[in-house]
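Trainee: I should be grateful for a close look at a single chain of this model, and for an account of how that chain relates to its partner.

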There are 2 protein chains.
Amino acid sequence: MINKILNGYNVILASASPRRREIFSLLGIKCEIRASNIDEPISAEDPALQAMKHAKNKCNTVLKQASKQDLVVAADTIVVLEGRILGKPQNQEEARSFLRSLSGKTHTVITGICTGNTECQRSAHESTQVCFAHLSDSEIEDYINTNEPMDKAGAYGIQGFGSQFITRIEGCYFNVMGFPVRRFYNTITNMKLEGRL
Amino acid sequence: MINKILNGYNVILASASPRRREIFSLLGIKCEIRASNIDEPISAEDPALQAMKHAKNKCNTVLKQASKQDLVVAADTIVVLEGRILGKPQNQEEARSFLRSLSGKTHTVITGICTGNTECQRSAHESTQVCFAHLSDSEIEDYINTNEPMDKAGAYGIQGFGSQFITRIEGCYFNVMGFPVRRFYNTITNMKLEGRL
């Protein structure tokens, strides 16, 4: 189990996301939060590579001041609809536009993770398909008024009010929340087998 | 949105499950808890029909003492592996046996829901496929020692330590947690359109 493998390490979660913190808490992982304030520009590069690159940048920033017993975990989640990356909406108008474009369609959520200590780092990513119901204009307005969309990639959160708009997913649910639990377990298991943890 | 449709109703959740209570809270639904202590026998009948019947029984029990502004919501979740229903484990040995049988396989989680007021009731169900990773004996022992499996159908919870054993799901995640949010939204939307809510 994850908390057994990480026992003895000082785990540092390089993320300000309360959802990632919640997942770590569910897994019984005690961790310190050191959010790196890195700007995450969106480019034309492959979305999975971008997510992993962003996660690696966050991890490296925190690793600069890490000690031997530290294990830094960073993640970056992006929402991709028909090849286009939807970041966090800049304002309500953009949230409205994102939600209209997601309505009645299936999109992909990709989380890149980077796990590292002072000696080595491992990158991985996970993709999940998410099917959105058709949203009426009034549903979109009501949802925007909850303020939930504003700090989230793609302008929705699967875990709150947004849950009622999701008809189905295919893949890892926790990946959509922001952290692919099983993928992380595989990563640290491999690091341990290789004698890197 | 669900909380808008239910506005003005006294919502009663006929369930003792903390996970269902949590989902209602995420959806901003204020509700009263009136858990009915009905024994839920497992039979050879179709699992989806059983889940709906159990939910209906729970709903009816609470409806007997309901008033006009009450809306009672009941649910019953069952885990089905290769045609066999796995209930809540009676003891650690049964939890071990359930987890061994789920290991490396895909099972189905079915939740039956029943929503009713003093005038009418609606039943529905939702199925989700859940893929389990291969579990080693030591993982199973560690998981049982967390005590998480003991009060849960199929001997696991997708939301806690159990999350690390789930490689993917197909369908509604909240259904696996115990309450199919989108299905419930559709149900109450239809009740409203029919003038029953």
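Mentor: Of the 197 residues of chain A, 43% count as buried. This figure, like those that follow, comes from a predicted model. A residue is called buried here if 20 or more other C-beta atoms lie within 10 Å of its own.

The next matter is what the chain is built from. Seven helices and seven strands make up the elements of chain A. Read from the N terminus on, they follow the order α-β-α-β-α-β-β-α-β-β-α-β-α-α. The radius of gyration of chain A is 17 Å, close to the 16 Å that the globule rule gives for 197 residues, and chain A is therefore as compact as a globular protein of that length. Taken along the principal axes, the box that the C-alpha atoms of chain A fill is roughly 55 × 30 × 25 Å.

The contacts within the chain add to this picture. Among those in chain A between residues at least 6 apart in sequence, 69% join residues at least 24 apart.

There remains the partner chain. A turn of 180°, with a shift of 0.0 Å along the axis, lays chain B on chain A with an RMSD of 0.0 Å. That is the relation of a two-fold axis. The same surface serves both copies, since 100% of the contact residues of chain B recur in chain A. As for the rotation axis itself, Glu170(B) is the residue of chain B that comes closest to it, with its C-alpha at 2.3 Å.

Conventions: Residues are numbered from 1 along each chain as its sequence is written. Chains are lettered from A and ligands numbered from 1 in the order in which they are written. This is a predicted model: local features need pLDDT of at least 70, side-chain atom pairs count only at pLDDT 80 or more; totals for chains, interfaces and linings use all residues. Copies are superposed by least squares on the C-alpha atoms of residues with pLDDT of at least 70 in both. Two residues are in contact if their C-beta atoms, placed from the backbone, lie within 7 Å. Helices (H or I, at least four residues) and strands (E, at least two) are DSSP runs, numbered from the N terminus. The radius of gyration is taken over C-alpha atoms; the globule rule is 2.2 Å times the number of residues to the power 0.38. A residue is buried if 20 or more other C-beta atoms lie within 10 Å of its own, exposed if 12 or fewer, and partly exposed in between; C-beta atoms are placed from the backbone.
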